[in-house]
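Student: I would like a close look at one part of this model. Could you take me through it step by step?

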Amino acid sequence: MLVVDLTQYRSHPNKQLLVHTHGVINCIHAGTKLKITKLAAIFHDAGKLNPNFQRKLDMPATCGYSNHSYLSAFAFLCYCASNQDAVLNGFNNEKEWIGSVLAIIAHHHGNLPDFPIILKDEEYSRLLSFLNDSPDLPVSEFLGEFIPHNRFLVLNHHLKDEFKNSIQIQLTKQITNPITFFLETQFAFASLITADKTDASNHQTKEGFCDFSVQFNNKLKNHCNKFLDITDLDKIRSKMRKEAILKIKTELFDGKRIFSLTAPTGSGKTMILLSLAGEILSDNSGMRIIYALPFLSITEQVEKICRNVFKGLNDLICRIDSQTENSGFESFQNALDSDPVFIKDIFATQFAEDTFDYPFIITTFVRLFETLVSNRNATLLKLPNFSNTIFLIDEIQSLPPRLYGFFVALLGVFCKKFNSYAIISSATMPNFDLPNNKHSLKDMFKDYISPPELLSLDYFNEKIFDRYHIERLIEPVNIEQLAGMIIRENKSTLVILNTIQDTKDLFNELFNCNIDYELILLNTHFTPDDRKIKIDRCIMFLDEGKRVVLISTQLIEAGVDIDFPILYRDFCPIPSIVQSSGRCNRNGKRTTKGRIIIFDLQKNDQSRSSFIYRGKDSRFLLYAKEKIQGFLSEPVLFKLQESFFDELQANTLFGFHYDKIFKNGEVDFIQRLKEGAFAEIGKFRLISESDFGEEYRYYITQDGDDVTFEELEKHQEELKNIKFHDFDKRKLKYIQIEKHLRGMAGHIVQVRLKDTDVKPIACSNECCGLLKLSKSSYSPVTGILLSTENQIL
């Protein structure tokens with residue numbers, strides 16, 4: 001047998017293939033013991049034994065077939081054919097796992113495909129040409145460094161003429177356990193690509209997780225001890241927190257992994273959630289915490305609370321969303337000019353964000369739930385760090401209603417498989433029981449039970465949480481009539497309408513009445529910085545007892561800590577009414593109950609709420625219009641909310657989502673899981689462009705000296721001039737551009753526009769998906785200047 005010097009083969013310019021493969025395997029073993037992951041790790045770069053690839057490392061322009069992923073997959077299939085009994089025994093004779101490993105190897109530099117067609121015709125044809133014309137490769141010798149096996153040849157193997165068909169044969173039509181197959185294939189793929197990049201870049205994962213666990217509980221305890229139970233609200237918040245802690249102890253002892261925390265608005269859910277995470281950490285040192293929220297405004301609010309509670313641990317807490325700026329990156333960037341070695345620190349900082357490599361992360365629903373069903377390489381980098389994690393998920397009702405139960409059931413299976421926990425929180429908690437469905441859900445989600453509730457629902461009947469009464473107006477109103485009613489109020493008033501145009505119309509109507517009190521307009525046509533200023537101004541006026549009228553879209557209704565005595569709300573589904581009501585007499589400190597007026601706004605004889613909640617979602621609105629009659633108290637509204645979610649659970653298709661991005665405009669997640677349709681499932685987006693229009697992003701210049709946009713253009717031009725194979729310089733420039741964009745985020749307006757909307761005239765060409773607007777196209781009082789009739793945020 002020919003002796004092969006395997007040390008001469010490289011995976012990267014300065015790394016031996018054997019060393020890299022061992023490094024990837026070791027990195028994977030630290031996070032998962034899945035068999036498919038180890039096999040994929042061993043074979044993922046076997047195709048780099050190709051002499052063409054080795055020459056390419058030194059001479060990028062080398063001719064000949066050098067792509068390694070499909071060749072690596074073919075090598076794995078040759079191994080399976082020569083070691084069939086051992087392979088099938090390892091997979092309990094479930095052949096779909098062979099297909100899983102093949103797909104992971106073949107696409108580890110791309111995205112997971114839909115099964116069973118996992119090979120692209122063009123790349124497959126190029127591979128065949130190589131297999132027919134090249135000498136054999138020392139794959140079997142390479143494999144012997146990792147696992148015992150029957151020796152085999154690659155290029156002379158009989159499978160080369162039927163490689164594509166052989167793969168499809170392995171992928172049976174009926175997947176034995178679809179949920180397990182999806183989650184383990186996805187996790188193995190994510191673990192491989194993360195480990196591959198970790199070893200290739202010599203990245204060191206963050207330390208201090210165990211120390212963080214200890215300090216987390218100490219600092220949380222010290223913070224809670226600072227506050228005395230003086231007011232009735234303080235006393236009941238403390239009681240609820242202690243009750244939830246005692247309850248979760250019992251449930252943890254019984255082996256539960258996912259829990260429900262239903263608490264009234266204003267009851268201090270953030271501190272309860274942190275305390276529950278601390279209880280889990282006390283027996284599970286070293287776990288990560290991921291705190292997920294639906295809106296950027298709430299992530300900022302929660303970050304502020306957490307940094308106050310956990311002072312001294314700021315380096316271990318990271319908020320990750322589209323607007324956060326990492327101070328660590330800034331310091332390394334400043335040091336880079338004097339010492340090029342800091343480029344490694346910049347890469348490490350970026351990689352830590354991409355992979356969620358922090359002990360405590362505050363992020364958005366987009367980054368959590370889209371990752372859970374993703375097939376995309378870049379998105380799935382963070383998935384391995386979803387294992388050994390405590391998920392704190394607040395405002396769960398912000399998910400699409402048909403996906404409430406699906407995501408909770410999927411997360412429950414994930415937590416059980418990958419040693420994680422989840423606490424689902426809301427004042428408007430959906431019903432998570434599995435319904436009778438077109439699919440046998442109990443077979444799909446074996447051993448599923450609804451998350452146990454950690455608090456008694458009797459708290460909703462407490463006097464302190466009977467803070468307002470609701471009145472429904474019998475007759476519809478138009479903008480002029482609504483303005484008249486608000487003028488006649490003698491107190492500060494919050495008005496929440498369903499569309500941006502409605503908020504602008506009402507603002508203009510009141511503004512033209514020359515009122516002598518503060519009038520503030522709030523919607524997503526303002527920059528984030530201006531929105532924050534507006535909310536802070538409202539809070540200041542309310543604290544000073546000055547009258548203020550805030551006109552807003554539903555942007556204000558969840559998680560924003562603001563307290564008005566009077567709320568006007570255009571009709572919407574009951575959960576949104578409950579969330580909106582949480583902004584009225586929120587802290588129960590007013591001498592009289594808050595007043596909430598529910599009305600049906602009309603324009604051109606059409607109901608504005610029916611204009612927004614139409615089609616398949618119209619019944620959610622109709623339910624509210626049917627049930628909300630006359631006068632209601634807060635406890636009665638809670639009962640209506642419960643009945644709404646019971647009706648939703650029983651009569652809504654489980655796991656369905658509608659979006660034109662999917663085949664036939666919809667996706668049945670359960671059916672697609674049965675088919676192994678990773679790419680189709682991975683199309684899911686929480687915010688639908690087809691429903692709300694294409695997103696446009698505008699940078700609002702601050703003054704005549706603002707050159708921030710021009711600096712972005714300069715970065716982009718510099719990127720174009722970097723040679724393609726100068727990977728470090730290109731990577732650094734990409735990071736610099738992303739960080740620059742984040743620094744601009746506070747002055748960026750993101751709007752979704754349809755073809756019929758009038759778009760503002762930009763004063764620049766597009767750069768990095770961004771356009772520049774002059775101050776003349778934007779007002780801090782009225783927002784971006786354009787025409788929209790259907791914007792709802």
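Student: In which crossing, left-handed or right-handed, does α21 pass α22?

Tutor: Happy to help! A word on the basis comes before the helices. This is a predicted model, in which local features need pLDDT of at least 70 and side-chain atom pairs count only at pLDDT 80 or more, while totals for chains, interfaces and linings use all residues. Residues are numbered from 1 along each chain as its sequence is written, and side-chain values use heavy atoms, leaving out hydrogens and water.

Now to your pair. Helix α21 covers residues 479–488 and helix α22 residues 500–511; helices here are DSSP runs (H or I, at least four residues), numbered from the N terminus. Their axes come within 9 Å and cross at roughly 60 degrees, the axes being lines fitted to C-alpha atoms over the stretch in contact, with angles running from 0 to 180 degrees between N-to-C directions. That makes α21 oblique to α22, since angles under 35 degrees count as roughly parallel, over 145 as roughly antiparallel, 65 to 115 as roughly perpendicular and the rest as oblique. The crossing is right-handed: the near helix is turned clockwise from the far one by less than a right angle.

Which residues meet? From α21 come I479, E480, L482, A483, I486 and I487, and they meet D502, D505, L506, E509 and L510 of α22; contact means heavy atoms within 4.5 Å. Sorted by class, this contact has 7 nonpolar, no polar and 4 charged residues. Here Ala, Val, Leu, Ile, Met, Phe, Trp, Tyr, Cys and Pro count as nonpolar, Asp, Glu, Lys and Arg as charged, and the others, Gly among them, as polar.

Terms used: Helices (H or I, at least four residues) and strands (E, at least two) are DSSP runs, numbered from the N terminus.
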